[in-house]
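Me: I'm new to this one and would like a close look at a single part. Could you walk me through the largest pocket and what surrounds it?

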Amino acid sequence: MRIPAHSVCTAIRDDIVAGVHARGGRLTEEVLARRYGVSRVPVREALRTLEAEGFVVTRRHAGACVAEPTEQEAADLLDMRMLLEPLGAARAAQRRTEAHLKVLRGLVRLGQERARRGHSEDLRSLGGWFHETLAQASCSPSLTAMLSQLRHKIAWMYTVEASPSPVESWAEHGAIVDAVARGDGERARAVTALHTERATGAHRLRFPGAGERVRTSQHAVNMSGLRH
């Protein structure tokens with residue numbers, strides 16, 4: 001199936017997250033162009049974008065390769081999400097539209113229904129749609145893009161254990177929407193912070209055991225005198 005040129009970046013990113021392109025594997029323009037049914041020009045542009053996002057690195061004598069993030073880098077992503085998700089909820093409380101509220105409330109109703117019935121297979125996708133819509137309700141394109149990128153990278157680096165109490169988790173989603181609907185930014189921020197902190201505990205690294213790479217990375221950072 002031919003993929004439009006404007007979608008090639010999304011297609012490559014999705015395949016990296018899904019493990020189609022292995023960590024450390026080479027990404028040659030010719031092979032990618034053939035796979036996605038586009039010319040090499042949009043592939044080259046996509047690889048530059050994905051390198052800026054941290055999914056791709058350029059190595060001497062090898063060219064573009066799938067990145068191999070360290071455990072520290074993976075942990076930093078969860079910390080960043082714990083800061084940005086509550087910010088997005090607070091902004092949503094100030095800027096959301098009725099259309100955003102309608103979608104959020106619909107997702108909460110579905111999530112709560114599925115949770116009560118024990119339909120856990122639906123809850124992960126519903127949760128993803130909920131948080132994507134909540135970010136969009138912030139009406140901040142830059143914040144929405146950052147949160148979307150974080151979700152992609154976290155999905156690439158972590159597996160997520162099923163919530164032991166999905167009903168409680170979706171009650172938290174409902175509380176977030178209630179605060180957003182009332183325009184209570186501080187309440188939306190606080191409830192989202194608690195929800196995100198609890199959800200973080202269910203994340204498990206897909207690629208553990210990168211201790212040496214972590215130490216090397218930290219040493220390099222210390223030498224440069226920079227924290228990030």
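Reply: Here's a walk around the largest pocket, followed by a look at one helix that helps line it. Keep in mind that this is a predicted model.

Let's start with the space itself: the largest pocket has a volume of about 1100 Å³. Its lining is made up of 35 residues, and the ones closest to the centre are Arg124, Gly127, Val160, Ala199 and His203. Several elements each give two or more residues to that lining: the helices α4 (71–95), α6 (120–136), α7 (141–157), α8 (166–182) and α9 (185–200), plus the strand β3 (158–160). Which of them gives the most? That's α6, with eight residues. As for the kinds of residue you'll meet along the lining, 14 are polar, 11 are nonpolar and 10 are charged.

Now for α4, one of those lining elements. This helix has 25 residues and reaches 36 Å from its first C-alpha to its last, close to the 36 Å expected at 1.5 Å a residue. Quite a list of its residues is buried, including Ala74, Leu77, Leu78, Leu84, Pro86, Gly88 and Ala89. Arg81 and Glu85, too, are among the buried residues of α4. So what covers them? The cover includes α6, α7, β3, α8 and α9, along with the strand β4 (203–205). If you go back to the pocket, you'll find α6, α7, β3, α8 and α9 among the elements that give two or more residues to its lining.

How values were computed:
Residues numbered from 1 in each chain as written. Predicted model: local features only at pLDDT ≥ 70, side-chain atom pairs only at ≥ 80, totals over all residues. Heavy atoms only, no water. 1 Å grid on protein atoms, 1.4 Å probe; cavity = no way out; pocket = protein on both sides within 12 Å on 5 of 7 lines; lining within 4 Å. Points joined across faces, edges and corners; volume = space filled by probe spheres on them. Helix = DSSP H or I, 4+ residues; strand = E, 2+ residues; numbered from the N terminus. Nonpolar A, V, L, I, M, F, W, Y, C, P; charged D, E, K, R; others polar. Expected span 1.5 Å × (residues − 1). Buried < 20%, exposed > 50% of the residue type's maximum accessible area, 1.4 Å probe, protein only. Contact = heavy atoms within 4.5 Å.
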